[in-house]
Amino acid sequence: MAFGGTRGFMPRWELPVGVAALLLLLFSVTAAQEPSVAACSQNTNRTCEECLKNVSCLWCNTNKACLDYPVTRILPPSSLCTLSSARWGVCWVNFEALIITLSVVGGAVLLALAACCCACCCRRKRSRKPDKEEEKAAREREERRVRQEERAEMKSRHDEIRKKYGLFKEENPYARFENN
């Protein structure tokens, strides 16, 4: 372990992991800063696949135009290209279908998260307070224990009375069967 200043000891493996993460970040930044291969407008009137090789390009299917993606907006404006004919990333998915699919998938994920949270909360509430059946079983166990104690006390009192009047038999009547 290496000494980490005022925070205490730092395991030796944390340093290489941090350095590796920093190098990975630097490599990704330098790769992102490389100039684009070609301007998007050069791929106009070609194929969608050629246009979308550059990730900063947007293909408009209606006029076969390869346009620069408007990075200031999430969705391309309808004046640039309609959502049903705009393609980005892959040629077989338009923005309209992409929005609908992402909305359905996102809604399903949110619904699943909500259901999981509700299930966890209900389970936690149920485990906090015992069921009525458990309470009833606990009460019955307690009543049986109390009755058993009362029986034991009553038997000891009766045995004392029998001893007092000489009616107590020390020998177990079943002892003769045990000895054989």
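Helices here are DSSP runs of H or I, at least four residues long, and strands are E runs of at least two. I'm keeping that at the top of the page because the helix and strand percentages below rest on it. Also for the record: this is a predicted model.

**Entry 1: the annotated span**

I pulled up UniProt, where an unreviewed entry lists residues 97-122 as "transmembrane region". In the model, that span is 100% helix and 0% strand. I also checked its ends, and the C-alpha atoms there lie 37 Å apart.

**Entry 2: R87**

Next I looked up R87, which sits in strand β5, residues 86-88. Which side chain of opposite charge is nearest to R87? I found E96, but at 8.2 Å away. A salt bridge needs a side-chain nitrogen of Lys or Arg within 4 Å of a carboxyl oxygen, so that distance doesn't make the cut. R87 is therefore noted as buried with no salt bridge.

What does the side chain of R87 reach, then? I get the backbone oxygen of S84, at 3.2 Å. I listed the contacts too, leaving out residues up to four places away in sequence: R87 touches C48, L52, L58, W59, N61, V93, N94 and F95.

**Entry 3: salt bridges**

How many salt bridges does the structure hold? I get five. I went through some of them.

- E50 and R46 meet through their side chains, at 3.9 Å from N to O. I have E50 as partly exposed, with a relative accessible area of 34%, and R46 as partly exposed too, at 46%.
- R145 pairs with E149, and their closest N and O atoms are 2.6 Å apart. The two are four residues apart in helix α4 (residues 132-165), so about one helical turn separates them. R145 comes out partly exposed at 39% relative accessibility, and E149 is partly exposed with a value of 39%.
- D159 and K155 meet at 3.3 Å, N to O. Both lie in helix α4, four residues apart, about one turn of the helix.

I stopped at that last pair to ask: is D159 buried or exposed? D159 is buried, with a relative accessible area of 16%, because buried means under 20%. K155 counts as exposed at 53%, since the cut-off for exposed is over 50%. I've marked this bridge as one with a buried partner, D159, and an exposed partner, K155.

**Entry 4: a network**

Back to R145 and E149 for a last look. I find them linked with E142 in a network of salt bridges.

Note on methods: Residues numbered from 1 in each chain as written. Predicted model: local features only at pLDDT ≥ 70, side-chain atom pairs only at ≥ 80, totals over all residues. Heavy atoms only, no water. Buried < 20%, exposed > 50% of the residue type's maximum accessible area, 1.4 Å probe, protein only. Lys, Arg positive; Asp, Glu negative; His and termini not counted. Polar contact = N/O pair within 3.5 Å; in protein donor to acceptor, adjacent residues only side chain to side chain. Contact = heavy atoms within 4.5 Å. UniProt positions renumbered as here; feature names shortened; annotations may be inferred.
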